[in-house]
Amino acid sequence: MLKQKFNIWIEEYLFFPTPFQKIISFLLIPFTLIYMIIIAFKRMFSSRKLDFGIPIISIGNIIVGGSGKTPITIALAKDKDDVAVILRGYGRKSQGLYVISQNGKILEDVETSGDEAMLLSNALPKASIIVSEDRVKAILKAKELGCKIVFLDDGFSKYHINKFDILLRPRKEPENIFCLPSGGYRETKMMYSTANLVLKEGVDFNRVVKFKKEGKLLEELPSKIVILTAISKAKRLLDFVPSYCELISFPDHYNFTKLDIEVVEKSYKDFTILTTAKDFVKLEKFHIKDLVLMDLEIEFKENIDFSTLENYIKNKE
């Protein structure tokens, strides 16, 4: 419970601070200035960009935590052939480069891949999923595997790579506009203007959520539900469920233990446990009796213009 409260406190401080948290934010501004100087130097020394001769599409954001990068990547990559998705693999117990899936064939387990990479492997049966701290090595590996298009998860800050940058904006903009550690921004808001394409939730796309149990669609949810999750900004899940749902949130990418599950099942006896697809890949092994999946998909608005992206891919092929 203490970890859960601390996690929620941190997220409130970064994005929607209380008056007391605003005071802390202002006190940390000198450190924010140092951080911004470091970012500026990184950009300046990456003026020469590596070109790999194939389309490289970065799906990123400039705020800490999730804003829909994984489902957007799935939506954009699912209909393409010879595609690779490259990500760092946060929360995995491995290090170095691993091919998690090749042309849809899953080669590693979730402990090696991390939650997001396994989710992508399950959702993209035609793609190859690669995790690596070194994105350059991963791109070269993707080319070696015969991939013709690469999607970089959270690649906006990889300034040394020549790529098409897509930035995602949240439906509700953070009230705290400062960069780390005074706020939740990793780059100043003016950096939205440098992206090749900006997609804003609620304007350019919406999240559509369906609830499934053992692969079957549920028409309505039970009356006693607790959400169990380890994603960033977990409170956003409450927008998609009835008001009576309770929430248990762990830090982003947290690896659940058997004890965690035992405590939850004991504390919430007779409750249905609701979880996200990202969490589901880590919870499957515990064989939870009443486990319902929040199956999230991205629905793009009809008037959205992807011509710049399609032209980039065509010109690079």
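## A guided tour, starting at a cysteine

Select Cys 245 to begin: with a relative accessibility of 9%, this residue counts as buried. Keep in mind along the way that the model is predicted. Now add Cys 179, which is buried too, at 5% relative accessibility. Which disulfides does the structure hold? A search of the whole structure finds 0. For a newcomer, a disulfide is a covalent bond between the sulfur atoms of two cysteines.

**Next stop: Ser 46**

Select Ser 46, in the loop between helix H3 (29-44) and strand S1 (56-60). Is Ser 46 buried or exposed? Its relative accessibility is 14%, so Ser 46 counts as buried, the cut-off being under 20%. Show the side chain and look for a polar atom 2.8 Å from the backbone oxygen of Lys 42. Then bring up Tyr 159 and His 160: Ser 46 touches both, leaving aside residues up to four places away in sequence.

**Along the loop to Asp 51**

Stay in the loop between H3 and S1 and pick Asp 51. Its side chain meets that of Lys 316 in a salt bridge, 2.7 Å from N to O. The two are 265 residues apart, with Asp 51 in the loop between H3 and S1 and Lys 316 in helix H10 (residues 307-316), so to follow the pair you move between distant parts of the chain. Both ends count as partly exposed, Asp 51 at 45% relative accessibility and Lys 316 at 21%. 

**More salt bridges**

The structure holds 20 salt bridges. For another, select Lys 80 and Glu 310, whose closest N and O atoms are 4.0 Å apart. Lys 80 sits in the loop between helix H4 (69-77) and strand S2 (83-87) and Glu 310 in helix H10, so this pair ties together parts 230 residues apart in sequence. Lys 80 is buried, with a relative accessible area of 18%, whereas Glu 310 is partly exposed at 39%.

Now choose Lys 285 and Glu 111, a salt bridge with its closest N and O atoms 3.7 Å apart. Lys 285 is in the loop between helix H9 (277-283) and strand S14 (291-300), and Glu 111 is in helix H5 (residues 110-113). Add Lys 93 to the selection: salt bridges that share partners join Lys 93, Glu 111 and Lys 285 into one network.

**Last stop: a nonpolar patch**

Finally, switch on the surface and select Trp 9, Phe 20, Ile 23 and Leu 27. Together they form a nonpolar patch with about 440 Å² of accessible area. Helix H2 (residues 19-27) gives the largest share, 3 residues. Trp 9 is found in helix H1 (residues 2-15) and is partly exposed, with a relative accessible area of 32%.

Methods. Residues numbered from 1 in each chain as written. Predicted model: local features only at pLDDT ≥ 70, side-chain atom pairs only at ≥ 80, totals over all residues. Heavy atoms only, no water. Patch = residues over 30% accessible without salt bridge, like charges linked within 9 Å, V, L, I, M, F, W, Y side chains within 5 Å. Areas by Shrake-Rupley, 256 points an atom, 1.4 Å probe, with all protein chains shown as cover. Helix = DSSP H or I, 4+ residues; strand = E, 2+ residues; numbered from the N terminus. Buried < 20%, exposed > 50% of the residue type's maximum accessible area, 1.4 Å probe, protein only. Polar contact = N/O pair within 3.5 Å; in protein donor to acceptor, adjacent residues only side chain to side chain. Contact = heavy atoms within 4.5 Å. Disulfide = S-S within 2.5 Å.
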